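Trainee: I would like to learn how to read an interface between two chains. Can you take me through one?

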Amino acid sequence: MKERQSSEEDPGETLKRTLRAQRQRQKKRLLGHSSAQESHVEEISTIQHHSEDEGSAEKAGDSGALSRPPTGSQRSLSGRQHSASSQHLDSFVTRRLEETLRAARSKGESLQQQEASLEPASRLQSLRDRDAVTRFDKIDPDRAGRHDDPLALKTRVTFREAARRTEKGLPTAEEAYNFFTLNFELEPQDGTEKERKKRKKQKKTTEKDSDEEGGVEEQEAAEVDEDNPDENVDQSEAAPLVRDEEEDLFVIEQSSRDFLEVKKAEYVGYRKRIQQESELLFTPSFRTVPTTIKLPEHMKPRYLEDEGLYVGERPKISLTNENILENRILKIEEGKKWFGDDGRIMALPDPIKESSTRPPLFHMEEDLDPALHTVYRKAVKSKYANLYIAGATDPEGDYQLDVDVSGLIFSHHPLFSREHVLGARLAQLYDQYLTRQHNNLTGHLTDKLKGLRRALRNIHEIHGGESLNQAMQRRISEYSLEVRNTRQLRDSEQEKDRTLLKHIVKLWKELKALRDFQKFTNTPYKLSLRRENVDRTLDEQEYEDEILAELMELEAEIEADYQKKFAEYKKQLQDWKLCVRKQKTKKKKRKKKKKGKAQDETEEEDEYQDVSESEGPVEEGPPKPEPPEKPDFESIEQQVREKASRIRRKPGESILIPELSASGNLTASELCPRSETARREDVTRRSLFVKILYNDKEVSRTDSRSLNTDFRVHFGQIFNLRIVNCPQSINLQVFEEIGSSCYLLAQVFVPVPEPSVVADRVSLEEFEFSSNQRVMFDHEGVGSDVPLSFEADGSNKQTLLTSGKLSCRVYWGSGEDGVALAPPVSQQRGGLHSGLSRLDAVTFIGASGLYDMKKIGEWATRSRLDPNDPKNASIMQLLKVATSGEVTAPEYFRLEQLQEEFNFVTDEELERSKRFRLLTLRNQEVAEFRNYKCVPSLEREVTDKVFQEYEKRLKEGEVVDTKEHLDSHRALVAKYLQKIRESVINRFLLAKHHYILSDLVVEEEIPSIGILGLNLFKLAEPKRPLKPQRKARKKVTAQNLSDGDIKLLINIIRAYDIPIRRPQSNKPGQSSQCAIQGSDWLLSQVQVRPFVEVSFQRMVLQTTTADGPNPCWNEELQLPFSAPNGDYSAAVLQSVKDEVFINIFDEVVYETGVKDQDRAKSIHTRVEKHWLGSVKIPFSTIYSQSRIDGTFKVHTPAVLLGYSKERSYGTNGAYDTMRNLSEGAFITLFITIEPQLVPGESVREKIKELKFDSQEDERLLQASERFEREAAEGYPDRPCITTIIDLNGKTIFVTRYIRPLNPPKELLDASLDDPQETTALVARFVSLIPSLPDRVSFSGNCDLWSTCDQFLTLLAGDEEEHAVLLCNYFLFMGKKAWLIIGTAIPEGPTAYVLTFEQSRYLIWNPSSAQYYGQYDTFCPLQTIGCLVNADNVWFNIQEYTSPMTVSFDTTKANLWKPFFSRSFSHPGLSSVQPEQLVYRGTDKAAAAELQDRIEKILKEKIMEWRPRHPTRWNRYCTTTLKQFLPKLEVSGGQDMAEGHRHELQSLLGDNNISGFPLHMPFSEIRPIIEAVYSTGVHNVQASNVEFALAVYVHPYPNNVLSVWVYLASLVRT
Amino acid sequence: MATSNPSVFLLSVNGQIEGANFPEYDNLYCKYSFVYGHDWAPTSGLEEGITQITCKGSESSHKLIWNFPLETTFKSTNPSGWPQLVVSVYGPDVFGNDVVRGYGATHIPFTPGQHTRTIPMFVPEPTWRLQKFTSWLLGRRPEYTDPKVVAQGEGREVTRVCSQGFVTVSFHIITKDMKKLGYDTGPASLVNTQSATSGWSTEEQPYTME
């Protein structure tokens, strides 16, 4: 295009002559263009497009001769003009042009000079050259100069590459010749068809290449442009100069975004890889290295050998290896030092001698010196590994452990008969008796007592009642104390003796009775009592003496006690008397005074006070002490006698000595009843054996011996164990054998004997064992672990367990010389660990054994504690008690008795320390500290500041902060929401730390048969690489992500019906600016040039600019996402409140002026973007849906100055006509998150497990669970809700939420005559309540429903609440209304409202107040899952789910499955909704105040966003706008643009005004600011811009506020 | 420049991933990364790395040798969250698919000096047998969502694993200022000698330059 213009401008050439050549050139240039220079124009920022367009427009004005093709069609047009010139011509010229360009740039010569120097060439050449020159002439200052933005370098490089690609077919000589000799007069059509095709094809490909590349660059360029548009516009430097600078510029331009880049895995070509590897790897060559390299420079190799010096023979090495080695060494720095003077590697002479120096051995084996004979030894197994006995020097020495299992006696066995039980008990008691007898404790104590008494008597006698000195007195008292204690001990022992004897006799009697009763004898026990007669008188004497002595002692004791008490009493009495006396004297005094008559009033009073004072203590004085009771000596004697008769043998009574013998005869089996014979047979069948386990390995077992009738088994076997391993445990297991089966009865652990223990030093020990096995028999055997009673009435049951005693002994075998064959290790162990184990009881017996006195005793004896060491005092005392026979367990019980030892710090310290507090809070995952990094290591480094925020939050609980919310009511609500949220969060805290497998492990799902089949089918499908399809991606759990990992992918595909620019001719005020005139022409051509800008988290990206009201972009934008605090857990991601704003702008280019310097024309343009509409999608929606795909209605402002909607203007919301609801603009989008995140699904599952409590009937709950489950099984994609969770966390049936409720009266009254209007108004009212998705407010993916009154109080809720409220309003208004539970875009699972009126079904979107007919194509509702009204729930069981294909006739059972049917009728559920809604009136004053505040804040914000430019406010315009807003509210935002605009225009005259009103429900200020920011009005850079901002807040009842913001920018022209 | 009152201590880890013993597999490579708590920050060195692919030597031990150096220095204020080295080994299966051969983790040794650790490696098991077969066939074995999972205990109870082999890692540990902050990690005997002989130990003593 340019070229053509330039050629036209050249007056020196005749048109005729150049035309053809020019055509060719043109075509060739077009080819080249696609590859080389021309693409500069295409590639660069959008500004240049326009400048170019305008440039051409201007030209058109100048010449007017050429028809101007639209920019879009230029290429095809010129394509048609192709002449026949061949392809090589093209490439050749391209190359030439390349060369010239390069030359021109690098040399930097003046272009004129070049032209002159080229002039003498041939005509053709000159033409071409000059042509090139003109091209540069045009390009360089004008175009190239403009391309000086940093991106140009990159693009240029790319295009040079592209050019090189086309160059590949270099012209051969013949071709070149052809070129020079070709007849240029040839008509293009003459060219062969073939050639042309080929060319076209090539062209296409190149075009495509460049387009693709260009596209990418364009985008980047656009970004850069935004950054520094000023630079772009004014740049006019020469290309070569800038080229060098560009790089620097580029570096500067790099932002953090450039550094943080996530790319796909790059494919590295083989060649490149080789190259890369060659940097790392080194392969030494085989070639011989020339000597010159190996030697220092200018050195001749010097051969020592030649000089006559001795040089040893070098070791043999193959030449290749030597070469490799040399090459390798040379690679290293200073490698040369390894080379000798002769240029070879330095080497020592070969060390290998030619012949062996060792004397050869020629002898035969027989001749060998016997000393040199090889001695073969048998391989010996090493037995001194870890476990083995270490330190044994003698390998032959082995050790022998002897285990002598003598036998066992059962004290209870399941086969015991009742008689046996008694007999065993008798034997036991008798044993006890014998041991007591043997110990003779009573006699011992009696003797001691006698001795003590005698000593006491002696003292008394010696001193004879004389005054005793202190020491004596103490001794006496000590003695008497001792006497007392000993007496008490003796008494108890005597009592025990006696009771034991009584028990034995009693038991014997019982046994005899039993034998009589059962008429047979089972046990051989026989008790005989031997009487030993005593001398009666002597005995009586002794008895009396004893009693007397005791009496005396007691009396003495009591007397002493009495004396002591009496003394005390006396003392007390003294005190008391003293007190009393004092009192008396005082009383007397008082009396006296009274008598003496007080004269003075004051005195009297004083006195009175005095008296009252003195009276106090008197009353409180000690009571009269009671004298101690006189001891009653008679009763004492009585007591003593009673006790004596109880515990002692009566005087003169013969001493009874029981003797138990086992000599009785047993009744023969034949004489016994059958059950007894069965038992006896059973006994004979049993046999027992003992296994010996050494270190847990069975080493031996005894012979099996049958059980005798007396339940004693004698083994009498001694096992000699030769041991290799250290003894660790010796275990005897008792097995019982019945027939072939045997089972373990009990285990007996035997301690490992001391090394010194040999056979003659140890006697048989009895080890008790018992087993808790339960055995029952149907014969006489009593069984084990079975309650058993000997009483006739079955009371006094006992439970007996199998138990017994095993007698055995373990000792070390003795060797030949009588030395114990014990391993030294046991001795060593004692020595090695004694330090620890002997001193520390805990390590010796373990903490649990602390109460085991026996073990302590054992330890004490082993460690040979020093009893005199005060450290051991307590333990010695314990041991004394333990050994004295009476084990007293401690009277308390402690868990973790050592806990305190392990406490880190005390609790108080933990409390006090700031650092510990910080750590604790972080551990508790308190929000402020959840990801706190690097807790300081020192206490003093923790500042109080850290806690400030946290404490503030804690404190703030009740304080309402109106600053942030602008509205006190909303502030309260926010607080309330916060509280609910906290409680919900607490509930989820448990669930959050509950992992399921998919959280941790990624696992491919098993393909089912169906899927497998489908996949096989897919294999056969034709591959369509040009039609890529979206595939499901791998999901990533959010737990391990970090900043920069997550990207938001937004694919903007196309848009429909974008408002177009209003033709300027309609403009009333003839403003006549040339700039507008420029665009005026454009407008007739291009209706609108929209582009899309996506902003998210203040990150803005935009697409290229497209043309027309139905543009197609098909571009993918990537926006990085960063989570708050870098916490990427699912809970946090769910509560991200950020929204994605997708704004459509129109790009308008104004020309601000033309500079004409030195023939170089520069056109300055100003690009403005005009906001047309927006779509906003909350991040939470994208996150929970994981992808959003569909066509969305663009929210366009009610009034767009300067634009008109292409289609129908009149949209009076009449729904009697089936409107084509494609009114308004639409945009097709695909949004997803890369990588795909798993939405908090798992949390939801877990909540289901949690089971909320409910007040519903259990039957109903079950039915609803079944209903939902069946629905999910049959139609998994259709949402079905029967029960929901209310704000209290209770499950409630959904129909309880539906109930007719009154809308605000004001709304009903507003238009009484027009019910449709009222309906619309009500819907509008509902939509004005702000939306707040539950998952945002409650962090978990938990759907909580609030009732309508709660909803109106909270003034926030999600779609369900809106839908319920709207449905209830409609019901009140007498409409047929249902709640639709379904899915919609972009909300996902949601709730809509269905109404039936005028024989049509209407679907209402409750949060936007939009309604759609059933057959509306743009209805956002996609799936209908179920319908709900107050009576029932219907689930959709039709074939399709889309509203268009669904029949809403719920009476048909084959289409809608009802919840309540005949079989399960409606139980009459009452509603949870209130009877009536009460509304608070509108508060106009508050609204006005809010309005002012919003306006102030927005103005401040806009100024803040324009830090470099002054922001002027046009007050006049503002006031005008302010007047419009209430009108807009009244009209419900419907189009009333025309008059409005006219009015504005007339008011503001020659201002170029653009603006629009925004409308939104009010929740808080932040969304308003975001919305204003996203429109980008503040970005207008023009110096003379003025702004106008008007805010209007319209109050509805119950504090529902509708906010209008009118924004306009005015540019004075 | 070291102050006498430090507020952080330093842990310098040098060493190498020496090799592995996977009797059944060959051509393996290893990825490593450090996992550490909130109070830790790496000051120098690489936190993550990937070794070359190595194949078994012909000598009898059949060990895989990587000899991949580790060099990282951490600073920290709190020994809680002491760094752990997480290694995961990958290699081709019969069909040439790159599959995971083992995960393992070990704490960086506490005491200064030289240490060698042999880390037992394991992989998660497929949930049921058919899955085992398909995963073998398709070369898509179950993997941890993040190899760092093996350094944490939470949630591990839901997985089942199968042991695979061993990776040997050697460490050379130097600590600085730990004693000054009151953390004594040295062996008991060392402490005594240290106090006696005015601090010649593996624990670096900072120079005081005023």
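Trainee: How many residue pairs are in polar contact between chain B and chain A?

Mentor: This is a predicted model, and side-chain atom pairs count only at pLDDT 80 or more. With both residues at pLDDT 80 or more, the count is two residue pairs in polar contact.

Trainee: Which parts of chain B supply at least two residues each to the side that touches chain A?

Mentor: Helix 1 (129-138) and strand 9 (143-144) of chain B each do. Helix 1 of chain B gives the most, with three residues.

Trainee: How do the residues on that side of chain B divide into nonpolar, polar and charged?

Mentor: There are 13 nonpolar, 12 polar and eight charged residues.

Trainee: Now salt bridges. Which residues form one?

Mentor: Look for oppositely placed partners with a short N to O distance, within 4 Å. Asp39(B) and Arg922(A) form a salt bridge, with their closest N and O atoms 2.8 Å apart. The count between chain B and chain A is one.

Trainee: And size? How much area do the two chains bury between them?

Mentor: Interface size is often given as the accessible area lost when the parts come together. Here chain B and chain A bury about 2500 Å², with 57% of it on carbon and sulfur atoms. His38(B), Thr145(B) and Glu154(B) supply 25% of the area that chain B buries against chain A, more than any other three residues. By contact, 33 residues of chain B meet 31 residues of chain A.

Trainee: In which sense do strand 14 of chain A and strand 9 of chain B pair?

Mentor: Antiparallel, over two bridges. Val1001(A) stands opposite Tyr144(B) there.

Notes
Residues numbered from 1 in each chain as written. Chains lettered and ligands numbered in written order. Predicted model: local features only at pLDDT ≥ 70, side-chain atom pairs only at ≥ 80, totals over all residues. Heavy atoms only, no water. Contact = heavy atoms within 4.5 Å. Buried area = accessible area lost by both parts, 1.4 Å probe. Salt bridge = Lys/Arg side-chain N within 4 Å of Asp/Glu carboxyl O. Polar contact = N/O pair within 3.5 Å; in protein donor to acceptor, adjacent residues only side chain to side chain. Helix = DSSP H or I, 4+ residues; strand = E, 2+ residues; numbered from the N terminus. Nonpolar A, V, L, I, M, F, W, Y, C, P; charged D, E, K, R; others polar. Pairing = 2+ DSSP bridges.
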